[in-house]
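Please examine the sequence and the three-dimensional structure shown below. The report that accompanies them treats overall form, charged contacts and backbone geometry in turn.

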Amino acid sequence: MRSLRSTLRSAAPLGRRWCSEAPSPREMQLLQQVSRLENRVHELQNALPPHVKPAKVENWEDLGFGIVPTNGHTRYTWSGVTNAWDAGRFISDPFVPLHIHAAVLHYGMTLFEGCKAFRCKDGRIRVCNLNENSARMNTGADRLVLPRVPVSMFNEAVDWAVRANAEYVPPYGSGGSLYIRPFLMGTGPILGLQPCPETTFMVSVTPVGNYFGKGGVQGIHASIMKDFDRAAPKGTGAVKAGGNYAADLLPLKQAKAAGFGTTLYLDCVEQKYVEEFSVSNFVGIDSKGAYVTPKTPSILPSITNKMMMQIAESKGIKVEARPLAWDEVSTFREVGACGTATVCVPIASITDGDAKHEFGKFEVLKELRDELQAIQYGECEDPYGWMREVVV
C-alpha cells in the first residue's frame, strides 16, 4: 500500500504538465503503472453487486422504444498525455463518474450515433452498416475537436457490447432489435474553452420493439416550425452533436401541445427551403415519381436515408438529393420521416399556419422500407454488403 501511494504521488504532477510537455520515459512508466492499477480497481468494482440489475425480458412483443437495463457497456478512454486510446473495458454499472468541470458538462463536447443489431432469420446476430456510423462520428469529432475513434476500435466496441448482451437481442419475428448507442464525450476537466485533455468513448445497448407499436405504422401530423431554427448554415447541424437535440426540445414541446407529432424546419436564412423533421430526414416521392430528399450543409446525413436511396436506384427510381423548396412539397405524392429508430414513417400531413397539406399515400416509400428491413433481418440477399455478423 505504501508503494501504491508513492506511485500515485509521483504520477500526480503529470496532470499539470500534460498539455504543454511530452512525458519523459519515467513518466510514461508511471502512467502505465497507474493505468494497470485503475484497471484492477475496475475489475474489483465489477465484482461488486451492480447498482442496477439487468432486466429479464419475458414478453418481447411488449417492448417499446425505451431503456431496458442490460448487462453493461463498453468504455474506452483517450488521454492527452499519451495521445492514445486505452484497451477498453466492459463495465456493468450504468453510471459514469465525472469531474465537476468535465468539458461535456459545461461546453457540450459530446457526439452520439444510433445503430442496430438484428436477430436474423437464420438465428445469427448481425449489425448494419457500422462503418458509415464510424465515419459520421469522426466527422463530428473533427468539428468538436475531439479525438477520432479508429474504425477498428469502433467496431470492436460495438461487437463487444453486443456479444456481452446477446440475450437482449430480440428474437426474429418479434419486430424488435438491439438499439446500439455509441457516444463520445469530453470527460477531462477544463475551465476556459479549449480542447479536452481526456475523452471517453462508450457503447451502450438496449432492446427495443417495433417503433410504431402493435397497431402498425400510423401517419404522423407535422407542423412547420417558424419561431425557431434547427441549425445555422455554418454551424453543427451536419454532425450528430448532443446540443442539436437539446435545442429542439422546446419547439417539439410546443408542437405536441398544439396536437402535432413532430416539427419540420425550413432554412434559417430565407425560410424557403426544407431542412429536416425534428429528429429525422425528410424524404418524399414527387409528382414525377422521383425519390427526393433535401441536401444542404446544415442537414445531418441519415445513414438510413442513404441506404433507401441506394435501394431506390437499384429499382430504377430516380433519386434527387437537392435543395427542396417548401412550395414544391404540396405536389408530392408521399412524404416520410427517415432515421435509424423509425426507418421510415409516413407523414400524413404538414400544417403551415392556416394551410394543411395532406399526403394520403405511402406505397413507394413503404416498399423501400420493407426491402431494407428484409435485408436487416436476413430475409433476402444483401447485395450492398451492409450486414456483418457478430459471432457470439
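The following sections describe this predicted model, beginning with the chain as a whole.

## Overall form

The protein chain contains ten helices and 18 strands. Its C-alpha trace extends over about 75 × 50 × 40 Å along the principal axes. The radius of gyration is 23 Å, which agrees with the value near 21 Å that a compact globule of 392 residues would have.

Of the 392 residues, 47% count as buried. Sequence-distant pairing is a marked part of the contact pattern: among contacts between residues at least 6 apart in sequence, 70% join residues at least 24 apart.

## Surface and charge

The exposed area of the protein chain is about 19400 Å², and carbon and sulfur atoms supply 54% of this area. The chain carries 42 positive and 41 negative charges, and the mean positions of the two sets lie 7 Å apart.

## Salt bridges between separate elements

How many salt bridges does a search of the whole structure find? The search returns 16. Among them is the pair R136 and E113, whose closest N and O atoms are 2.7 Å apart. R136 belongs to helix α4 (residues 130-143), whereas E113 sits in the loop between β4 (110-112) and β5 (115-119), so this salt bridge ties together parts that are 23 residues apart in sequence. Both partners are withdrawn from the surface: R136 is buried at a relative accessible area of 11%, and E113 is buried at 1%.

Helix α4 also supplies E132, which joins K306 of helix α8 (residues 303-314); this pair links distant parts of the chain, 174 residues apart. The N to O distance in the salt bridge between E132 and K306 is 2.8 Å. Are these two side chains set in buried or exposed surroundings? Each has an intermediate status: E132 is partly exposed, with a relative accessible area of 26%, and K306 is partly exposed, with 37%.

A further salt bridge is formed by E276 and R230, with the closest N and O atoms 2.9 Å apart. E276 lies in strand β11 (residues 274-277) and R230 in the loop between β9 (220-225) and α6 (242-246), so the contact ties together parts that are 46 residues apart in sequence. E276 is buried, with a relative accessible area of 4%. R230 also counts as buried, at 17% relative accessibility, because the cut-off for this class is under 20%.

## A salt-bridge network

Beyond the individual pairs, a network of salt bridges links four residues, namely K318, E320, R322 and E328.

## Backbone geometry

Which phi values merit inspection in the backbone? Most residues other than glycine have a negative phi. N83 has a positive phi of about 55 degrees although it is not a glycine. This residue is found in the loop between β1 (73-79) and β2 (84-85), and it counts as exposed at 58% relative accessibility.

V343 likewise has a positive phi, near 65 degrees, and is a residue other than glycine. Its setting is strand β16 (residues 343-352). V343 is buried, with a relative accessible area of 7%, whereas N83 is exposed.

Notes. Residues are numbered from 1 along each chain as its sequence is written. This is a predicted model: local features need pLDDT of at least 70, side-chain atom pairs count only at pLDDT 80 or more; totals for chains, interfaces and linings use all residues. Side-chain values use heavy atoms; hydrogens and water are left out. A salt bridge is a side-chain nitrogen of Lys or Arg within 4 Å of a carboxyl oxygen of Asp or Glu. Helices (H or I, at least four residues) and strands (E, at least two) are DSSP runs, numbered from the N terminus. Buried means under 20% relative accessible area, exposed over 50%, partly exposed in between (1.4 Å probe, protein chains only). The radius of gyration is taken over C-alpha atoms; the globule rule is 2.2 Å times the number of residues to the power 0.38. Contact means heavy atoms within 4.5 Å. Accessible areas come from the Shrake-Rupley method with a 1.4 Å probe; for residues, only the protein chains shown count as cover. Lys and Arg count as positive and Asp and Glu as negative; His and the chain ends are not counted. The place of a charge is taken as NZ of Lys, CZ of Arg, CG of Asp or CD of Glu.
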